[in-house]
Structures are given as structure tokens and as C-alpha cells.
Amino acid sequence: MIYLLKLTLPFEDPVLIFTLVLLIILIAPIFLNKIKIPGIVGLILAGVLVGPNGLNLLQRDASIVLFGTVGLLYIMFLAGLEIDMIDFKKNRNKSLIFGALTFLIPISIGTIIFYYVLNFEWLSAVMLSSMFSSHTLIAYPIASRLGLSKNEAVTITIGGTIVTDTAVLLVLAVISGSSQGELDAMYWLKLGGSLAIFVAIVMYVFPMIARWFFKQIESEKGAQYIFVLSMVFGAAFIAELAGVEAIIGAFLAGLALNQLIPHTSALMNRIEFVGNNLFIPFFLISVGMLVDLTVLFRGPEALIIAGSIVVVAIVTKYMAAFVTQKIFGYSIMQRNLIFGLSSAHAAATLAVVLVGFNLGILDENALNGTIVLILVTCLVSSFITEKAGRSLAIVESRKKPNLSEKPDRILVPIANPANIERLIDLAIMLKNPEYQEPIYPLAVVIDNEHAEEEIYKKNKMLQEAIKHASATDSDVQLVSKIDINVASGILRAIKEMMITEVILGWNAKITTRDRVFGTVLDSLLENTEQMILVCKVIQPLNTIKNIVVFVPLNSDIEVGYLRWLRTLRLLSAQLGAKLVFRGRRRTLNKLKLTLQTSKPAVEAKFEVMADLGEVENMKANIAPDDLIVVVSARNRTISYDNKLDYIPRVLSRNYKENSFIIIYPEQHPVMYQDNQIQSTHRSEEKRMDRKNR
């Protein structure tokens with residue numbers, strides 16, 4: 001009998017409700033993808049089917065509303081988090097123009113039609129038309145999945161979303177205040193002051209708190225995720241206190257944390273995984289549960305109003321996308337992508353219509369028409385974005401990469417278990433995203449009577465590298481070598497694995513006067529042509545503010561110039577850190593020219609430095625959160641300067657609080673490399689023989 005009570009409609013048992021929702025999230029996208037319908041559409045239609053206006057399996061109760069609200073805020077947060085901040089700043093004027101167009105065109109045309117054609121009251125016509133100006137990035141997960149989150153069309157649409165939604169919500173606040181007789185000077189003063197305080201808190205205070213937290217709680221990955229969620233919903237709540245919608249706060253939280261959460265990090269992977277597979281589907285289902293298709297059959301007036309709302313909303317959004325395309329010279333695919341992303345109505349639209357209905361400004365027909373609008377535009381948005389996004393993704397994938405963009409095969413020799421996570425994180429950030437090459441952590445075991453035991457220990461240590469990298473969805477291929485010494489083992493691995501870059505940890509201790517780094521590192525520099533990065537990382541990489549790069553004269557004409565510069569561009573883009581180049585004027589001019597014509601776009605500053613010897617006296621100009629990078633050179637190369645040999649000593653002595661990387665760029669093939677390796681083998685064998693005697 002108890003079990004029969006649990007199966008009464010609508011379901012009330014929380015376990016059964018959650019099970020049903022999870023089954024919908026699992027089955028709906030899989031089923032509809034087979035018939036070429038976007039998964040987002042499937043979730044919305046599933047919400048219609050199981051909701052109170054369908055089979056009445058589920059009520060849109062407080063739990064559904066809660067998870068749906070979380071999903072909506074998650075969409076806006078991810079939009080702000082994934083946006084390319086350099087492109088966003090560069091295209092902010094385009095975002096403002098698109099935001100103005102997608103706000104003014106729908107509200108102007110809609111007001112005229114509803115006031116002059118359908119005989120609405122003036123206030124009602126303005127409020128109803130303002131709904132058309134807002135839009136929800138419901139199809140953003142499609143663009144993100146297709147790898148288009150950094151495309152300029154997507155960037156300006158996201159920026160335009162915040163512009164138009166803010167304008168719509170301000171219109172709503174003004175109309176509400178007007179209907180209640182509160183539209184005086186004090187009202188405007190309070191609104192402006194609260195908005196200024198809200199933006200200042202989220203954009204300036206939140207990043208400082210987050211930077212401090214990430215430094216203190218680096219190893220607690222679960223705590224970092226909960227902290228990020230707290231920041232998102234804290235920003236959303238502060239937005240409501242300031243008098244605007246919570247989605248504005250969530251978006252600004254994404255912008256505020258953008259530069260503190262690298263896109264290839266384990267934290268970013270967790271944020272996207274939970275959002276895309278749980279919270280956002282909940283929101284889509286909750287939107288579907290709002291839809292009541294029976295409103296279309298309640299007489300001709302309801303049908304006319306619903307049809308007018310849908311047609312005006314879609315046409316005016318297309319007009320805004322069309323005008324934007326013509327102004328900025330975008331392709332048809334980019335125009336359709338802008339239209340697809342900006343045509344869905346859900347969040348702000350619901351806020352406007354519910355406030356208008358509660359104030360008596362809008363009637364039931366307008367409310368029902370809006371519900372139909374939500375269903376139709378969500379479907380249209382999903383279809384258009386999927387189709388345009390796929391076409392654009394195919395076109396972008398066919399673009400030929402720069403000659404320096406060959407696949408990266410990064411070797412990470414690991415001796416100290418404490419360095420595993422940071423070295424692997426750095427390798428993942430520097431790997432060319434266009435290719436699916438794994439990272440190669442390496443353990444070298446000395447060939448002696450304890451070799452078998454050491455192999456077991458080293459492999460156990462390397463399992464930590466796999467565990468950490470798997471959290472970022474990055475491939476790792478473990479490499480173990482038995483050799484007569486560590487340097488020889490690394491050299492053999494470089495040759496056998498066709499390695500292009502080697503990332504090495506360094507404790508910043510100088511060994512002897514003639515050997516800067518020690519036997520292993522110095523031997524690698526003498527016997528390799530690959531780019532080598534010698535790293536001392538003492539703080540979380542995502543808390544780096546600036547990357548200060550010291551560049552020697554003639555480094556721009558070395559064979560490895562484009563590769564080391566691309567490495568710094570990737571690191572800057574991942575960390576959201578500004579590049580500050582210091583060197584001779586001629587070299588800086590070449591760097592500036594190269595950066596202007598390369599992707600990803602980065603924020604860079606150029607400061608003339610007369611001599612490399614100035615590095616020793618620049619401590620006052622380097623902040624603790626700055627990463628120091630020195631582009632060094634091997635002996636007898638074009639850019640070699642004997643002062644470069646002295647810089648590692650300066651860094652280890654004068655910059656103990658800073659993380660730093662010393663880059664030895666890729667060079668022409670080292671002549672007689674095999675002979676050198678064999679010579680190293682023979683020398684070591686003779687030494688072992690003497691020791692055994």
C-alpha cells in the first residue's frame with residue numbers, strides 16, 4: 001500500500017522525483033541526437049511532457065525551481081568564465097553596439113506593433129516589448145561544445161547579452177517604480193549607487209578574496225569548487241540586493257574569476273562537468289515545465305497575441321543580428337550563430353512578464369503568449385545554433401596552423417614527488433590544444449642491484465601524475481627508463497619518444513661555479529636541440545598576475561623563436577596574466593609585430609632594457625605574484641650572451657619569493673649528438689669500473 005501511495009500523480013517522493021529527472025537527463029539527449037535534434041531541445045520537450053501541463057508526473061515545486069535557478073546562474077557564470085578576456089576587452093565596443101541593437105530594435109518595433117496595431121496600453125506595450133529585447137544564452141553549451149566559445153561572434157553575443165538584459169531589467173525597475181509612484185530623484189540615486197557598489201564588490205573584492213583562497217587551499221580541490229560556487233551565488237544575491245536580476249551577478253562573477261581559473265585546469269573541468277551534466281539540464285527541464293500548450297486553444301485572441309509575440313520576438317532578434325553582421329563584416333554563419341544564441345527567451349523574459357502580471361499591467365493572454373514564446377524560441381535557438389555552429393566549426397578546423405604549431409610532445413622528468421602536480425599543470429597549459437598528444441612524465445632508474453625496487457617506487461610516484469592529469473581530461477603516457485645515469489636516461493627518452501619540449505623542475509640551488517644547474521640539467525643543455533624549460537614554481541600558477549619576460553638581443557632570429565613565443569602566449573592566455581617583455585628596442589619591436597598577427601591574442605607590455613645585467617637590480621619592480629621568465633640561450637648560439645649564465649644565480653639569490661622559468665629555445669640539430677651520448681655512457685662506465693675495483 002505504501003508503494004502505491006508513492007506512485008500517485010504527481011510524484012511526491014523525493015527519491016522517485018530525482019530518479020525520474022536523472023533518467024530524463026540521460027535518455028532525452030541520447031534519443032533525440034539519433035534523429036538529429038539537439039539535446040537541449042529534448043530536455044525542454046521532456047519538461048513539457050512530464051510537467052503539470054503534460055502528463056503531470058512532476059510538479060514545478062520548490063526543489064525544481066531551486067535546481068532550475070542554479071542551472072540558469074550556471075549558464076551565465078560559464079559564459080563569463082569561458083570568455084576570452086583579451087578578445088572581450090578588444091571587442092567591448094562591438095559588444096556594446098550589438099547590445100544596443102538587440103535591445104533597441106525589438107523594443108521599438110514591438111512597442112509600435114502592440115500599441116498601434118493590437119491596441120495595448122502604452123505602459124503595457126513597452127513592458128511586453130521589453131521582453132523581446134532580453135535573451136537567455138540557453139544554447140551557449142552547444143557553442144562551447146563545438147569549440148566556438150572564443151569566436152568573435154560568440155564573444156560579442158555574450159557581451160551584448162549583459163548589455164541588453166541589464167537595460168531590460170532597468171526598464172522593468174523604472175516601469176514598476178512608475179506604477180507605484182516611486183520614480184523620483186531619490187529612486188535614481190539609490191539605484192545608481194547600489195549598482196556601483198555591486199559592480200565594485202564583484203569585480204574588485206571577489207578576485208582578491210579568490211587569489212588569497214587559492215594560495216592558501218591549493219591542495220583541497222573539492223574545497224576550491226565549493227568556494228567558486230559560493231562566489232557565484234554570493235554575487236547573484238548581491239545583484240538582487242542592488243536591484244538587478246541575479247543572472248547579472250553570476251555573469252560578473254564569471255568575469256571576475258576568469259583569470260584565476262585556467263581553462264585546462266582540474267577545477268575548470270569540475271565546474272563544466274557538474275554544470276553541463278546536472279544543473280543546466282535541470283534548468284532546461286524546469287523551463288519546459290512552464291509551457292502550457294492548451295493556451296493556443298483558448299480562443300482567437302489568445303492565439304493572435306501568442307503568434308504576434310513569437311513572430312515579433314524572432315524577427316526583431318534576426319534583424320539585430322543582420323544589422324550587426326553588416327556593420328562588422330561577419331560571415332553568414334557568424335550572423336546565424338549570433339541570431340541562434342540571442343533568440344532564446346527564458347530568464348529575464350519570465351521576470352518581466354511575472355512582474356507585469358502581478359502589477360496588473362499585463363493580462364493572462366500576454367502571460368500565456370510568453371510561455372509559448374519561451375518554448376518556441378528555445379527550440380529555434382537550439383536548432384539554429386547547432387546548425388550554424390557545426391558549419392563554422394568545420395570552417396575553422398580547416399584553417400592551416402602556423403608552421404610553429406606542430407604537435408607538442410612534452411616530456412616531464414620527475415624526481416621530486418612534491419613537484420608532480422605543478423609540473424604536470426604547466427605542461428598541460430603549454431601543450432598545443434590543436435593536437436591530442438599526451439604528456440609524458442618520465443622516471444629514470446639507475447641500473448644497479450636496486451633497480452627493480454626503484455622501478456616499483458618510481459611507477460607508484462608516476463601514478464600520481466596520471467591521477468592529477470585525469471582530473472583535467474588530459475592524456476598522460478608514463479615513461480620509465482633504466483640507464484647508467486639520469487641524464488643519459490632522459491636523453492634516450494627524448495630521442496625514442498621524439499620529444500619537442502622538456503619541462504624540468506629546479507630547486508634553485510647553484511651547485512658549482514662551472515656548473516649552473518647540476519650534472520643532469522647541464523648535460524641536457526649540452527646534448528639536446530629541443531626546447532627546455534627549467535622551472536621553479538612556488539605558488540599556484542592561477543594566482544600569477546604578470547609574466548615578466550627578459551629577452552636577450554637576437555633571440556627573435558633564433559630557429560626556436562616562434563615556439564618559445566607561442567609557449568608564452570599560451571601560458572598568458574591560460575592564466576589571464578599580462579606579458580611584460582623587457583629587452584633591447586629592436587627585439588621588442590619584432591616581438592610586438594609578431595604578437596599583433598598571432599593567436600591567441602594576449603595583453604602585452606614592452607619595456608626597453610639596455611643590458612641583461614639590469615636583472616640583478618630590478619627586485620623593486622617585481623611583485624611577489626609575478627612570474628619571471630628568462631629566455632636564455634645555449635653556448636655558441638646567435639643570441640648567447642655570457643651574462644645569461646649568471647642570471648640563474650641572480651634569480652636563486654635575489655628572487656626567492658618568485659616563481660620563475662628559464663627557457664632554452666629549440667636549436668638546430670646538435671651535431672654528433674649520438675657520439676656525445678655514447679661518450680657520456682663510456683665515461684660513466686669507466687667511472688663505475690673504477691668504483692667497483
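This briefing walks through the main features of the structure above, topic by topic.

The model is predicted. The protein has 693 residues, and 55% of them count as buried. Its fold contains 25 helices and ten strands. Among contacts with a separation of 6 or more, 81% join residues 24 or more positions apart.

**Surface and cores**

- The protein exposes about 30,700 Å², and 60% of that area is supplied by carbon and sulfur atoms.
- Inside, the largest nonpolar core has 135 residues. Tyr74, Val228, Leu257 and Ile271 are the ones with the most contacts within this core.
- Tyr74 is a good place to start looking: leaving aside neighbours within four places in sequence, Tyr74 is in contact with Tyr225, Leu229, Ile271, Val274, Gly275, Phe279 and Ile280.
- Another core, of 42 residues, lies apart from the largest one, and Leu565, Leu568, Phe581 and Leu591 are among its members.

**Helix H10, followed from end to end**

- Helix H10 covers residues 185–216, which makes 32 residues. At 1.5 Å a residue, H10 should span 46 Å, and its end C-alpha atoms are indeed 46 Å apart, so the two values agree.
- There is still a bend to find along the way: H10 turns by about 30° at Val205. A proline, Pro207, follows within four residues of that point.
- Several residues of H10 are buried, including Tyr187, Leu191, Leu195, Phe198 and Val202. Phe206, Pro207 and Arg211 are also among the buried residues of this helix.

**Salt bridges**

- Side chains of opposite charge can pair when their charged atoms come close. This structure holds 13 salt bridges.
- One of them joins the side chains of Arg390 and Glu386, at 2.8 Å from N to O. Both residues sit in helix H17 (residues 364–397), and because they are four residues apart there, about one helical turn separates them.
- The two partners differ in how they are covered: Arg390 is partly exposed, with a relative accessible area of 44%, whereas Glu386 counts as buried at 12%.
- A second pair is formed by the side chains of Arg409 and Glu437, again with an N to O distance of 2.8 Å. Arg409 lies in the loop between H17 and strand S1 (410–413), while Glu437 is in the loop between helix H18 (420–430) and strand S2 (439–446), so this pair ties together parts that are 28 residues apart in sequence.
- Arg409 is buried, with a relative accessible area of 17%.
- Glu607 and Lys605 also form a salt bridge, and their closest N and O atoms are 3.3 Å apart. Glu607 counts as partly exposed at 23% relative accessibility, and Lys605 counts as partly exposed at 39%.
- Salt bridges can also link up: Glu501, Arg563, Arg566 and Glu666 are connected in a network of them.

**Loop residues with positive phi**

- Asn56 has a positive phi of about 60°, although it is not a glycine. You will find Asn56 in the loop between helix H3 (39–50) and helix H4 (62–82), where it counts as partly exposed at 23% relative accessibility.
- Asn119 is another residue other than glycine with a positive phi, near 60°. Asn119 belongs to the loop between helix H6 (92–117) and helix H7 (122–133), and it is exposed, with a relative accessible area of 64%.

**Helix residues and their distant partners**

- Gly307 lies in helix H14 (residues 300–328) and counts as partly exposed at 30% relative accessibility.
- Gly307 and Thr370 are 63 residues apart along the chain, and their C-alpha atoms are separated by 10.0 Å.
- Ala393 is a residue of helix H17. Measuring C-alpha to C-alpha in the model, Ala393 and Met333 are 9.8 Å apart in space, with their positions 60 residues apart in sequence.
- Not counting residues up to four places away in sequence, Ala393 touches Leu146 and Leu148.

Key. Residues are numbered from 1 along each chain as its sequence is written. This is a predicted model: local features need pLDDT of at least 70, side-chain atom pairs count only at pLDDT 80 or more; totals for chains, interfaces and linings use all residues. Side-chain values use heavy atoms; hydrogens and water are left out. A nonpolar core is a set of buried Ala, Val, Leu, Ile, Met, Phe, Trp, Tyr and Cys residues joined through side-chain atoms within 4.5 Å. Buried means under 20% relative accessible area, exposed over 50%, partly exposed in between (1.4 Å probe, protein chains only). Contact means heavy atoms within 4.5 Å. Helices (H or I, at least four residues) and strands (E, at least two) are DSSP runs, numbered from the N terminus. The expected span of a helix is 1.5 Å times one less than its number of residues. The bend at a residue is the angle between axes fitted to the seven residues ending there and the seven starting there. A salt bridge is a side-chain nitrogen of Lys or Arg within 4 Å of a carboxyl oxygen of Asp or Glu. Accessible areas come from the Shrake-Rupley method with a 1.4 Å probe; for residues, only the protein chains shown count as cover.
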